[in-house]
Amino acid sequence: MARPNKRTTLREVAEATGLSTAAVSYALRGKHVSKETEERVRKAAAELGYEADPIARALASGRTSTVGVLAGDLQDLWQQQLMAAIGRELLAGDRYALILDAGGDPARELALAKQLRDQRVDGLLVSPVDPSAEGWSKIADAVPVVSIGDALSRARTAGEVLFDNRAGIDAVLDYLRGLGHRRVTVLTPTGPSTPDRPADVYVREAADRLGIEVEVLPCAQELGEATAMARRVLTNSPDGRRPSGTSALAPPTAVFCFSDSIAYGVYAAAAEASLAVGRDLSVVGFDDHPVSRVLTPPLTTVDWGLGEIAKEAARLAVAAIEGRRVRRKRILCAPRLSERGSAVELRRG
């Protein structure tokens, strides 16, 4: 019966090169040795089939090379894209993303954050469902936390990559107002348990200032559920059917969605109701997912610069893990409105 292959040890690599185990360890990490020594050690390690023992390395360094990445809701296609981009940024620095999904549930979000903390991740990046939850304070005291999107108002974080929601909302509502829209429905992924999220507060403030009537409604980001909500909005009926023989309250002339994933549901509901987006109804999204460019018509939406968000969030997390000081711990992402065919001037009469 064949014996399992024995793992080559660091000591064996040291004996083969005539160096100390400490020198070999430094060489394999590219630290404190000459380039010639580093190359000699790496060659010997490859020939001997040496692979670093992750458990031993974690015990020695106090680090696991794993970073927790907590998504607010992976039903949102843009968040899927963001989490993947963050994972790539971390992997480029030999760190591994452990991605978990809060599913839009603030209680689940904190439970998962605590679980990641207890699993001794080196750091935590979070796109928070409930940025004002009290539980963030203890978590941020135990592990470096970088917040993406909204600031954790009750915690001292290692860094923040925030969306300038005020500027983004102002840009969209001012744009719709310029097109003649005065009755706008806003669909937000915010749940009833977290009604004070910054974007939801800002949209009401901006509407009052611009003289626009807005109705803010919670809406799931899963396509079927988003379509069902949009169906109710476009018919002003709880079951999605316009009452026959009655003059129901007029539906909105524009729908502003706080994620492009929600906007896709509006497109679907509009098609069911024989309404043409970009003619009978204006629709605006809020994160410029690639799918939005290939819709008919393409979706007018707000681009936040996803690639830069992922890069900055990973940079701040790694700096905190390594104990390095950074010049800016708070990055504010500016919005860019991408005008396409889904929002048009309101036809009178």
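1. In this predicted model, a convenient entry point is a single pair of residues: glutamate 160 stands opposite arginine 330 in strand E11. Glutamate 160 belongs to strand E5, where it is buried on one face together with Leu162. The two strands, E5 and E11, are paired in the parallel sense over 4 bridges.

2. This pairing is part of a wider arrangement. An open sheet is formed by 6 strands in the order E2-E1-E3-E4-E5-E11, and the pairing is parallel. E2 and E11 are the edge strands, each of which pairs on one side only. On average, neighbouring strands of the sheet are turned by 15° against each other, direction ignored. As general background, the strands of a sheet pair through backbone hydrogen bonds, either parallel or antiparallel.

3. Strand E5 merits a closer reading. It covers residues 159-163, and 5 of its 5 residues are buried, so that the strand is mostly covered. Both of its faces are covered: Gly159, Val161 and Phe163 lie on one side, Glu160 and Leu162 on the other, and all are buried.

4. Strand E4 presents a related case. Residues 145-149 make up this strand, and because 5 of the 5 are buried, E4 is largely enclosed by the rest of the structure. E4 and E5 pair in the parallel sense over 4 bridges. Within this pairing, valine 146 has glycine 159 of E5 as its bridge partner, while the partner of glycine 149 in E5 is leucine 162.

5. Strand E3 (residues 123-126) is joined to E4 by 3 bridges, and these two strands run parallel. Here leucine 125 stands opposite valine 146 in E4. Valine 146 thus appears in both pairings of E4 described in this note, facing leucine 125 of E3 and glycine 159 of E5.

6. Two helices lie across the sheet strands. Helix H5 lies across E1 (66-71), E2, E3, E4 and E5, and runs at about 170° to E1. Helix H12 lies across E1, E3, E4, E5 and E11, and runs at about 165° to E5.

7. Another packing to examine is that of helix H1 (residues 10-17) with helix H2 (residues 21-28). Their axes are 9 Å apart and meet at an angle of about 100°; the two helices are therefore roughly perpendicular to each other. H1 contributes Leu10, Arg11, Val13, Ala14 and Thr17 to the contact, and H2 contributes Thr21, Val24, Ser25 and Leu28. By class, this contact has 5 nonpolar, 3 polar and 1 charged residues.

8. Two loop residues deserve attention for their backbone geometry. Aspartate 94 is found in the loop between helix H5 (77-92) and strand E2 (96-101). Its phi is near 60°, a positive value in a residue other than glycine. Aspartate 94 has a relative accessible area of 57%, above the 50% cut-off, and so counts as exposed. Serine 274 lies in the loop between helix H11 (260-272) and strand E9. Phi of serine 274 is also positive, near 60°, again in a residue other than glycine. With a relative accessible area of 62%, serine 274 is exposed.

9. A cis peptide bond should also be noted. The bond from threonine 296 to proline 297 is cis, with omega near -5°. Proline 297 is placed in the loop between strand E9 (282-284) and strand E10 (301-303).

10. Valine 326 lies in the loop between helix H12 (306-321) and strand E11 (330-333). Leaving aside residues up to four places away in sequence, valine 326 touches Arg315, Leu316 and Ala319. Its C-alpha atom is separated by 32 Å from that of threonine 37, a residue 289 places away along the chain.

11. Finally, some values describe the chain as a whole. The protein chain contains 12 helices and 12 strands. Of its 349 residues, 46% count as buried. The C-alpha trace spans about 90 × 45 × 35 Å along its principal axes. The chain exposes about 17,900 Å², of which carbon and sulfur atoms supply 49%. Among contacts between residues at least 6 apart in sequence, 66% join residues at least 24 apart.

Technical notes. Residues are numbered from 1 along each chain as its sequence is written. This is a predicted model: local features need pLDDT of at least 70, side-chain atom pairs count only at pLDDT 80 or more; totals for chains, interfaces and linings use all residues. Side-chain values use heavy atoms; hydrogens and water are left out. Axes are lines fitted to C-alpha atoms, for helices over the stretch in contact, and angles run from 0 to 180 degrees between N-to-C directions. Angles under 35 degrees count as roughly parallel, over 145 as roughly antiparallel, 65 to 115 as roughly perpendicular and the rest as oblique. Contact means heavy atoms within 4.5 Å. Ala, Val, Leu, Ile, Met, Phe, Trp, Tyr, Cys and Pro count as nonpolar, Asp, Glu, Lys and Arg as charged, and the others, Gly among them, as polar. Buried means under 20% relative accessible area, exposed over 50%, partly exposed in between (1.4 Å probe, protein chains only). Accessible areas come from the Shrake-Rupley method with a 1.4 Å probe; for residues, only the protein chains shown count as cover. Two strands pair if DSSP finds at least two bridges between them.
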